[in-house]
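User: Hi! I'm new to reading protein structures, and I'd like to learn how the labels people use are justified. Could you go through this one with me?

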Amino acid sequence: MPPFCTGPRVSRRQMIQAGAASYLGLNLPQLLRANEARKGHDARADACIVIFLNGGPSHLDMWDPKPDAPAEVRGEFKPIPTSVPGVLFGEHLPKFARQMRRCTVIRSAHHSVNNAHAAAVYCALTGHDRGEIGGGARPDDYPCVGSVVGVRRPPAHAVPPHVLLPFITKEGAGGPPQPGFFGGWLGKTHDPLVILRDPNAADFALPELTLGPDINPSRFDARRDLEVRLAAARKGGTADDLDGIRAKAYDLLTAPAMREAVRLDREPAKLRDSYGRNIYGQSVLLARRLIEAGTRVACVSWAPDANATWDTHGNNFVKLKSELLPQLDAAFSTLLDDLDARGMLERTLVVVVGDFGRTPKINTNGAGRDHWNFCYSLVLAGGGVKGGYVHGASDKIGAKPSRNPVTPADVIATVYECLGVPPDLELQDRLGRPYVLCPWGRPIPEVLA
């Protein structure tokens with residue numbers, strides 16, 4: 001792993017610019033900040049929806065089938081053609097396969113974590129591979145993409161920059177929250193707004209976004225003014241975090257765009273059916289509504305705990321074909337069609353990824369597949385990436401990359417590039433200490449449109 005870098009990379013051109021800028025009274029940090037500001041205007045996408053298949057989806061049964069491999073590798077599913085000649089998917093993703101013309105599939109991702117879901121999730125969502133160091137989310141974690149984009153490109157309206165739904169996924173049933181979804185060293189004010197209610201429920205609503213019946217607008221404004229005066233008198237990081245969280249809460253309570261965004265009952269019943277009448281399908285629809293309202297990043301974590309859905313150590317094929325793949329197939333394909341119909345797909349990046357893949361060889365635990373970090377697949381679509389493109393390849397049994405291997409850091413750097421955030425950006429934590437965002441990741445040029 002490359003050594004940690006304590007500052008942004010400086011090109012020869014920037015050094016020359018710095019020499020010239022010194023005559024104008026500018027120093028190098030000021031010049032770099034000016035360059036970074038310009039980069040933000042080059043964003044290929046304005047928003048991102050992350051569908052995180054928490055637990056580890058089976059690449060061999062979804063996006064990288066191996067029909068010529070031995071039976072204990074190729075499994076029960078047949079390959080089907082996609083809308084791109086020569087590219088095959090597993091048979092239980094027929095709608096997804098028709099969307100391939102809009103997608104980039106990366107078949108050569110890999111990292112070092114094969115045991116702890118928490119460490120693999122953290123790696124996949126931040127680009128920081130810390131090996132098998134598991135455990136729950138910590139305040140010194142690197143921030144997630146949504147938190148960073150919220151800092152660099154805050155929404156134009158009073159909506160949360162980053163939303164996580166429908167779960168704060170636990171490392172195991174009753175375990176701690178997984179890392180990678182939060183603001184980390186940026187502070188709790190940069191954590192996502194978390195929606196934990198089931199959007200598929202008939203009575204789905206977020207009453208916490210509405211003023212109580214005993215509070216009229218004038219009383220509410222008076223309370224907010226009092227809080228502002230109290231905040232001005234407070235000192236210390238904990239108070240600052242609390243003041244920031246309260247300020248955001250007040251903003252949300254007076255934000256009509258946010259209240260409207262969660263009104264799934266405004267959507268036609270046919271469209272809701274198309275997304276899938278389940279918690280995940282309706283969460284993806286809600287993510288689209290939030291992006292449409294101005295939220296920058298919406299992340300759907302597809303599991304209440306790491307072992308609940310895509311972690312198919314047992315009954316891999318039964319669970320995939322009867323539940324997981326039909327739900328994903330409907331939600332993803334409808335999302336792309338819906339974004340396109342609304343003129344949003346060109347400026348919205350959609351990412352479908354998990355923490356790792358599954359073993360090439362089927363186990364004897366009811367025909368399951370176990371964790372496999374050495375090679376796996378993921379999908380990008382929409383704003384900033386090519387359509388109809390496959391990057392990299394795995395070997396003949398899907399065990400190791402055979403061409404163009406990439407790491408999660410490269411994937412996250414590519415996401416940042418699409419969203420107009422330099423992956424080598426230096427940010428400071430709450431104590432003013434500098435951190436380079438993704439120092440060993442490089443955007444994948446072949447993937448970018």
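Analyst: Happy to! Of the 449 residues in the protein, 55% count as buried. Please keep in mind that this is a predicted model.

User: What does the protein contain in the way of helices and strands?

Analyst: There are 13 helices and 16 strands. As for contacts between residues at least 6 apart in sequence, 74% of them join residues at least 24 apart.

User: Why is Arg102 called buried, and what about Asp340?

Analyst: Buried means under 20% relative accessible area. Arg102 has 14% relative accessibility, so Arg102 counts as buried. Asp340 has a relative accessible area of 41%, which falls between the 20% and 50% cut-offs, so Asp340 is partly exposed.

User: How do you know that Arg102 and Asp340 form a salt bridge?

Analyst: The cut-off is 4 Å between a side-chain nitrogen of Lys or Arg and a carboxyl oxygen of Asp or Glu. The closest N and O atoms of Arg102 and Asp340 are 3.0 Å apart, so the pair qualifies as a salt bridge. Arg102 sits in the loop between helix H4 (94-98) and strand E4 (103-109), while Asp340 belongs to helix H12 (residues 316-341), so the pair ties together parts that are 238 residues apart in sequence.

User: How many salt bridges does this rule give?

Analyst: The count comes to 23 salt bridges. One of them joins Asp140 and Arg138, with closest N and O atoms 3.1 Å apart. Asp140, at 48% relative accessibility, is partly exposed, and Arg138, at 34%, is partly exposed too.

User: What makes Arg263 and Asp265 a salt bridge?

Analyst: Their N to O distance is 2.6 Å, which is within 4 Å, so their side chains meet in a salt bridge. On accessibility, Arg263 has a relative accessible area of 31% and is partly exposed. Asp265, at 49%, is under the 50% limit for exposed, so Asp265 also counts as partly exposed.

User: Which residues are linked in a network of salt bridges?

Analyst: The network links Glu260, Arg266, Glu267, Arg288, Arg289, Glu292, Asp338 and Arg342. As background, side chains of opposite charge can pair when their charged atoms come close.

User: What makes H5 mostly covered?

Analyst: In helix H5, 10 of its 10 residues are buried. Among them are His117, Tyr122 and Thr126. What covers the buried residues of H5 includes strand E1 (47-53), H6, E8, strand E10 (371-372) and H13. Just after H5 comes Gly127, with a positive phi of about 85°.

User: Which residues touch the most other members of the largest nonpolar core?

Analyst: That core has 61 residues, and Ile51, Trp63, Leu328 and Phe332 touch the most other members. Helix H12 gives the most to this core, with 10 residues. Leaving aside neighbours within four places in sequence, Leu328 is in contact with Ile51, Leu53, Met62, Trp63, Phe96, Trp302, Trp310, Ser333 and Val352. Apart from this core lies another, of 46 residues, among them Leu164, Tyr376, Leu419 and Leu425. In soluble globular proteins, nonpolar side chains tend to be buried together.

User: Why is the empty space of about 210 Å³ called a cavity?

Analyst: A cavity is space where a 1.4 Å probe fits but cannot get out. The structure holds one cavity of 30 Å³ or more, and about 210 Å³ of space lies in the largest cavity. Of the 21 residues that line the largest cavity, the closest to its centre are Val50, Ala124, Leu125, Val145 and Ile412. Elements that give two or more residues to this lining include helix H5 (117-126), helix H6 (145-152) and helix H13 (408-418). The largest share, four residues, comes from H13.

User: How does the lining of the largest cavity divide into nonpolar, polar and charged residues?

Analyst: There are 17 nonpolar, four polar and no charged residues in that lining. For the second largest pocket, which has a volume of about 250 Å³, the lining has six nonpolar, three polar and six charged residues. Of the 15 residues that line this pocket, the closest to its centre are Arg138, Pro139, Phe182, Lys188 and Asp191.

Terms used:
Residues are numbered from 1 along each chain as its sequence is written. This is a predicted model: local features need pLDDT of at least 70, side-chain atom pairs count only at pLDDT 80 or more; totals for chains, interfaces and linings use all residues. Side-chain values use heavy atoms; hydrogens and water are left out. On a 1 Å grid over the protein atoms alone, a cavity is a set of points where a 1.4 Å probe fits but cannot get out, and a pocket is an open set with protein on both sides within 12 Å along at least five of seven lines; lining residues have an atom within 4 Å of a point. Grid points are joined across faces, edges and corners, and a volume is the space filled by probe spheres set on the points. Ala, Val, Leu, Ile, Met, Phe, Trp, Tyr, Cys and Pro count as nonpolar, Asp, Glu, Lys and Arg as charged, and the others, Gly among them, as polar. Buried means under 20% relative accessible area, exposed over 50%, partly exposed in between (1.4 Å probe, protein chains only). A nonpolar core is a set of buried Ala, Val, Leu, Ile, Met, Phe, Trp, Tyr and Cys residues joined through side-chain atoms within 4.5 Å. Contact means heavy atoms within 4.5 Å.
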